[in-house]
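Trainee: I'd like a close look at one part of this model, the surroundings of the ligand. Please start there and then work outward through the rest of the chain.

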Amino acid sequence: MFDIKEVRANFPHTKETSYFNAASNGPLSNPGYKVQEAVYIQAKSGLMGRQVEVYDALDNIRRNGAKIFGARKKEVGFGFNTTFGINLAAFGLPLKKGDEILLSDVEFPANVYPWLELRNRGIKIKFLKSNRGCFDIEDLQKAITKKTKVLSLSFVQYFNGYKNDMTTIGKICKAHGIFFVVDAIQGAGCEPMNVHKWQVDIASAGGHKWLLGPQGTGIFFVSDNIKDRFRPPWRSWLGVDWKCDWSNLNDFDRPFDNSARQFEMGTYPAAHVMAFDWSLEFINKLGVRNIQKHNYTQMDKLIELLNSEPFYRITGSVDKKHRSSIISFTSHRGDIDYIHRLLTYCHIITAMREGSIRVSTHLYNDTNDLKRLTICLDQAAKDSCCGKCKVSPRKKLKKKK
Ligand SMILES: Cc1ncc(COP(=O)(O)O)c(C=O)c1O
């Protein structure tokens, strides 16, 4: 395991808030801020060219990204968000008129809109009906036809934290010759991944949540196994390795790099790349398995409270196989919005998603954060103030209205 005090020292937000919202956005770390600042200071002085250090950082991102995905480095590239890799899949896989794509009806829109565009090409999009917010493997099997060519699915569902059984789903896809595409943003960095074992063809994860990077960063994976069938929907001059030598740019005969780097696009956001490099290195140093263990230990305390308090109802899955670092719950009395505002008022940051409070715990949360959260929820259930702020938030919030 890791030293939580040392981890927290990197994250200034921990001094002021109990932040349980990694599933929305990761707070910026001190080192992440510093490396970005250094790039901007350089840029202000006009010195910023296409510096070698940014390309070194990108190389490191691909290496660390591969470790997080459980892939080979040459299969991983830098993308700007999750949408980047989903578009790569939607427009790069060999699909034709009459083909069918399967999606779950509870996907985040980033994993829906790129596929919907394919309807203009005569490709059919079929939504699989979820079962109480969860993806049902039996329904997947029933929905597969000879025309099914792609299943695109979240590794972990964004609103309830349900973790899909990737090994079984991957096996089904392969048995039917279906491309398996994964939106990995809610799992990458907090859940061990093994895209090879899962037989995933393409995966994509934005960097700004569990991967602790700035918005505008991400990693994608394109399996070596589909290299010959995949046609990239775009081409970039930086898909060629210029080795940071910009003196002969009119050489148009250079081959594309023999790796996923060839699918990256144009000039990179230098400051963001440097910060993302720091965060992926940090995550791998701690180890994703250790992070998962830490997060689950924290979550266990919340689950214990929610199970013991009849006022609350967990809306996600706490089943060992399907749990994650996200837990969602609602209240029986229907005032969950109020409880969410109460938490925010007490500087306990969570999110409201699909009628539930979503709590997402990450490596910077400690037992004190959990204590604050559980005390507040316990008190809210008893319909009184949290005891810490010495005011009645319910009264204050009513007044504000
Ligand atoms: C499952 C899932 N996919 C994708 C995204 C975001 O997509 P992008 O990184 O392209 O903005 C989110 C949340 O913002 C999400 O929860």
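Mentor: Let's settle one term before we start: a polar contact is a pair of N or O atoms within 3.5 Å. Also keep in mind that this is a predicted model.

Now to the ligand itself. Thr82 puts a polar side-chain atom 2.8 Å from a ligand oxygen, so that pair falls within the 3.5 Å cut-off. Gln186 does something similar, with an N or O atom of its side chain 2.8 Å from an oxygen atom of the ligand. Asp183 deals with a nitrogen atom of the ligand instead, at 2.6 Å from a side-chain N or O atom. As for cover, the ligand on its own exposes 400 Å², and the protein buries 86% of that.

Those three residues belong to a longer list around the ligand: Asn81, Thr82, Thr83, Phe108, Ala110, Ser154, Tyr158, Asp183, Ile185, Gln186, His208 and Lys209. By character, the shell splits into four nonpolar residues, six polar and two charged. Because Asp and Lys count as charged, the charged pair is Asp183 and Lys209. Tyr counts as nonpolar in this scheme, so Tyr158 goes in with Phe108, Ala110 and Ile185.

Stepping back from the ligand, Phe69 makes a good next stop. This phenylalanine sits in helix H3, residues 52-69. Its relative accessible area is 0%, so Phe69 counts as buried. What packs against that side of the helix? Leaving out residues up to four places away in sequence, Phe69 touches Val76, Ala184, Met193, Asn194, Val195, Ala203, Ala205, Ile219, Phe220 and Phe221. Take one of these partners, Ala205: the stretch between it and Phe69 is 136 residues along the chain, yet their C-alpha atoms are 9.5 Å apart.

That brings us to two loops with backbone oddities. Most residues other than glycine have a negative phi. Gln199 goes the other way, with phi near 60 degrees. This glutamine is in the loop between strand E6 (179-183) and strand E7 (202-206), and at 30% relative accessibility Gln199 is classed as partly exposed. Leu212 also has a positive phi, about 65 degrees, without being a glycine. You'll find Leu212 in the loop between E7 and strand E8 (218-222). Unlike the partly exposed Gln199, Leu212 is buried, because its relative accessibility is 4%.

Another positive phi turns up further along: His347, just after helix H10, has a value of about 60 degrees. H10 itself covers residues 336-345, and its buried residues are Ile336, Tyr338, Ile339, His340, Leu342 and Leu343.

Let's go back to the earlier part of the chain for a couple of less covered residues. Phe127 is in strand E4, residues 124-128. Buried or exposed, or in between? Phe127 has a relative accessible area of 42%, so this phenylalanine is partly exposed, in contrast to the buried Phe69. Beyond its close sequence neighbours, Phe127 is in contact with Leu103, Ser104, Asp105, Val112 and Leu116. The C-alpha atoms of Phe127 and Ala143 are 9.4 Å apart, with a sequence separation of 16 residues.

Asp139 lies in helix H6, residues 137-143. Its 25% relative accessibility makes Asp139 partly exposed. With neighbours within four places set aside, its contacts are Leu128 and Lys129. For a sense of scale, Asp139 and Gln36 are 46 Å apart from C-alpha to C-alpha, at a sequence separation of 103 residues.

Finally, the overall layout. The chain divides into domain 1, made of 4-28 plus 288-400, and domain 2, covering 49-286. Their centres, taken over C-alpha atoms, are 30 Å apart. Where they meet, 33 residues of domain 1 are in contact with 25 residues of domain 2.

One last spot to check is Asp366, in the loop between strand E13 (356-360) and helix H11 (367-381). Although it is in a loop, Asp366 counts as buried because its relative accessibility is 15%, against a cut-off of 20%. The side chain of Asp366 makes a polar contact of 3.3 Å with the side chain of Arg8. Apart from sequence neighbours within four places, Asp366 contacts Ile4 and Gln298 as well as Arg8.

Notes
Residues are numbered from 1 along each chain as its sequence is written. This is a predicted model: local features need pLDDT of at least 70, side-chain atom pairs count only at pLDDT 80 or more; totals for chains, interfaces and linings use all residues. Side-chain values use heavy atoms; hydrogens and water are left out. A residue is near a molecule or strand if one of its heavy atoms lies within 4 Å of it. A polar contact is a pair of N or O atoms within 3.5 Å; within protein, one must be able to donate a hydrogen and the other to accept it, and residues adjacent in sequence count only if both atoms are side-chain atoms. Accessible areas come from the Shrake-Rupley method with a 1.4 Å probe; for residues, only the protein chains shown count as cover. Helices (H or I, at least four residues) and strands (E, at least two) are DSSP runs, numbered from the N terminus. Buried means under 20% relative accessible area, exposed over 50%, partly exposed in between (1.4 Å probe, protein chains only). Contact means heavy atoms within 4.5 Å. Domain bounds come from an automatic or database domain assignment.
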